[in-house]
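Here is a short tour of how some helices and strands pack together in this protein chain. Have the model open beside you as you read.

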Amino acid sequence: MQEKIKQGRDFLKAELWGSADAIVPDQQLGKPCPPVEKPFDPQAKRIQLPLPRDVTSKATVAEVIGQRRSRRKFSTAPMTLAEVAYLCWAAQGVQKVFGKGEALFRTVPSAGARHALELYLAVGHVDGLAAGLYRYLGVEHELLLVRPDSNIMSSVAAACCGQAWMSRAAVNFIFTAIPYRMEWRYSTAAGKLIALDAGHACQNLCMAAESIDVGACAVAAYLQQPLDDLLGIDGREEFAICLASVGKK
Ligand SMILES: Cc1cc2nc3c(=O)[nH]c(=O)nc-3n(C[C@H](O)[C@H](O)[C@H](O)COP(=O)(O)O)c2cc1C
């Protein structure tokens, strides 16, 4: 078997737990716990988000599961800030902060509650938000403006292998990983755990969208460096891992 295919299969297996080449995690070596949220400039523009209870869905979980579909056709109608806030909360919302912020419970599960993901929003048309790149701050339930950018949607589509339909979304949500948060506890097993976490978080977002009659589609076909460059992240300590395109049906 080709070595790269074998590597892909090995990545999916559980053999890294306790294997001979496992590396002792930094947590066991007594190194400090990394921050649960990526630090931000307190002077940067932040937008307070409506509370998730401001958007309610009448659909049952069974109805949402039963009608779920990947949706790539979006109308030009803008999404409301309340709808976007609801999707942010569903994908990465914070339910409880422990101690002085050493650990979190979020609306999504995470291996060892390490929560190694961050969530960015490429905003095309949302009422009350200028087009541009934002980051969701789960602890604060706010959006941090990374930069205004009127071309952000076509840039995201280009970085996603030219998937033009993505440029017509109201918002392209982009999950990134900060791998050290998971490696600190799980060292060599961290990669698989982060991938599993990303799937859980992205599915929460897609199901929440379906529950409010908003279309969503998970996306993993993207070019790593162009997307990381677009987000202004280094591609080593933080890199994109998957996306979800969202818009009114
Ligand atoms: C991890 C993952 C990555 C995906 N990547 C893309 C993608 O890059 N582009 C796309 O159009 N759809 C993408 N999809 C959506 C799938 O194509 C879709 O789930 C599949 O066709 C089945 O359709 P359904 O979700 O409506 O059941 C992705 C789905 C998943 C779960």
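## Two helices in contact

In this predicted model, α3 meets α6: Tyr86, Leu87, Ala90, Ala91 and Gln92 on the α3 side face Ala201, Asn204, Leu205, Ala208 and Ala209 on the α6 side. Sorted by character, the residues of this contact comprise eight nonpolar, two polar and no charged. Helix α3 covers residues 81–92 and helix α6 residues 190–211; their axes come within 7 Å and cross at roughly 145°. The crossing of α3 and α6 is right-handed.

## The sheet

Now turn to the strands. Seven of them form an open sheet with antiparallel pairing, in the order β1-β6-β5-β4-β7-β9-β8. Which strands stand at the edges? They are β1 and β8, and each has a single partner strand, so one side of each is left without a neighbour in the sheet. On average, neighbouring strands of this sheet are turned by 25° against each other, direction ignored.

For the edge strand β8, the pairing with β9 is antiparallel and runs over six bridges. Within this part of the sheet, Ala216 stands opposite Val246 in β9.

## A helix across the strands

Strand β9 also has a helix lying across it: α7, residues 224–231, which lies across β4 and β7 as well and runs at about 75° to β9. Here are the residue ranges to help you find these pieces on screen.

| Element | Residues |
|---|---|
| Helix α7 | residues 224–231 |
| Strand β4 | residues 117–123 |
| Strand β7 | residues 171–177 |
| Strand β8 | residues 214–219 |
| Strand β9 | residues 239–248 |

How values were computed: Residues are numbered from 1 along each chain as its sequence is written. This is a predicted model: local features need pLDDT of at least 70, side-chain atom pairs count only at pLDDT 80 or more; totals for chains, interfaces and linings use all residues. Two strands pair if DSSP finds at least two bridges between them. Helices (H or I, at least four residues) and strands (E, at least two) are DSSP runs, numbered from the N terminus. Axes are lines fitted to C-alpha atoms, for helices over the stretch in contact, and angles run from 0 to 180 degrees between N-to-C directions. Two residues are in contact if their C-beta atoms, placed from the backbone, lie within 7 Å. A crossing is left-handed if the near helix is turned anticlockwise from the far one by less than a right angle, and right-handed if clockwise. Ala, Val, Leu, Ile, Met, Phe, Trp, Tyr, Cys and Pro count as nonpolar, Asp, Glu, Lys and Arg as charged, and the others, Gly among them, as polar.
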